[in-house]
Amino acid sequence: VREAMIGKLFWATLHRDMGEAAVDVMGAAAMVIDDRYDAHEPLGPAHRLFMFSRSDTIYGGSNQIQRNIIGERALGLPREPR
């Protein structure tokens, strides 16, 4: 279970960073969305990766919440004061 908790946090951060790197590589072209792809889905693969990888750090608990869960449940640290 510990590995799954840490894996979720690692994957969310890695996937977000991959999306940012893809858009960085595209440069100014990353600012343009056109209809070269499907008319219903005007985002290209790099755009889609950037936009949807943001949600990885939110669903299943934000990264900060996930770090608290790891600290409390996986490492046995005391609960954070509320």
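Is His15 buried or exposed? His15 is buried, with a relative accessible area of 17%. Keep that residue in mind as you go through the views below, which show a predicted model.

**View 1. The whole chain is built from three helices and zero strands.**
Following the sequence from start to end, you meet the pattern α-α-α. The chain has 82 residues, and 26% of them count as buried. Its accessible surface comes to about 6000 Å², with 64% of that belonging to carbon and sulfur atoms. Now think about who touches whom: among contacts between residues at least 6 apart in sequence, 62% join residues at least 24 apart.

**View 2. Helix α1 reaches 37 Å from its first C-alpha to its last.**
This helix has 25 residues, and its reach is close to the 36 Å expected at 1.5 Å a residue. Look for the buried residues of α1: Met5, Leu9, Ala12, His15, Gly19, Ala22 and Val23. These buried residues pack against two partners, α2 (45–56) and α3. Right after α1 comes Gly27, whose phi is positive, near 65°.

**View 3. His15 sits in helix α1 and touches residues from further along the chain.**
Here is our opening residue again, close up. Why does His15 count as buried? Its relative accessible area is 17%, and buried means under 20%. Which residues does His15 touch, once those up to four places away in sequence are set aside? They are Leu49, Ser53 and Asp56. Two of these contacts, Ser53 and Asp56, are themselves buried residues of α2.

**View 4. A nonpolar patch on the surface is formed by Phe10, Trp11, Leu14 and Met18.**
Together, these four residues have about 410 Å² of accessible area. Pick out Leu14, which is found in helix α1. Leu14 counts as partly exposed because its relative accessibility is 33%, and partly exposed covers values between 20% and 50%.

**View 5. Arg16 and Asp17 form a salt bridge.**
How far apart are the closest N and O atoms of this pair? They are 3.4 Å apart. Side chains of opposite charge can pair when their charged atoms come close. The count for this model comes to one salt bridge. Both partners are partly exposed: Arg16 has a relative accessible area of 23%, and Asp17 has a relative accessibility of 36%.

**View 6. Helix α2 has the span expected for its 12 residues.**
At 1.5 Å a residue, α2 should span 16 Å, and its end C-alpha atoms are 16 Å apart, so the two values agree. Within α2, the buried residues are Ala46, His47, Ser53 and Asp56. What covers them includes α1.

**View 7. Arg54, in helix α2, is in contact with Arg16 and Glu20.**
Those contacts leave aside the neighbours of Arg54 within four places in sequence. You have already met Arg16, as the salt-bridge partner of Asp17. Arg54 counts as partly exposed, at 30% relative accessibility. Try finding Ala12 as well: its C-alpha atom and that of Arg54 are separated by 8.3 Å, although the two residues are 42 apart along the chain.

**View 8. Helix α3 has buried residues that line one face.**
Which residues of α3 are buried? They are Asn63, Gln66, Ile70, Gly71 and Ala74. Seen down the helix axis, these buried residues fall within an arc of 140°, so they line one face of α3. That buried set packs against α1 (2–26). Turn to the face that points away from the buried side, and you will find the exposed residues Gln64 and Arg73. Just after α3, Gly76 takes a positive phi of about 75°.

**View 9. Gln66 is a buried residue of helix α3.**
The helix around this residue runs over residues 63–74. Gln66 counts as buried because its relative accessibility is 7%, and the cut-off is under 20%. Where along the chain is Ile6 compared with Gln66? The two are 60 residues apart along the chain, while their C-alpha atoms are separated by 8.3 Å.

Note on methods
Residues numbered from 1 in each chain as written. Predicted model: local features only at pLDDT ≥ 70, side-chain atom pairs only at ≥ 80, totals over all residues. Heavy atoms only, no water. Helix = DSSP H or I, 4+ residues; strand = E, 2+ residues; numbered from the N terminus. Buried < 20%, exposed > 50% of the residue type's maximum accessible area, 1.4 Å probe, protein only. Salt bridge = Lys/Arg side-chain N within 4 Å of Asp/Glu carboxyl O. Arc of directions from axis to C-beta. Contact = heavy atoms within 4.5 Å. Expected span 1.5 Å × (residues − 1). Areas by Shrake-Rupley, 256 points an atom, 1.4 Å probe, with all protein chains shown as cover. Patch = residues over 30% accessible without salt bridge, like charges linked within 9 Å, V, L, I, M, F, W, Y side chains within 5 Å.
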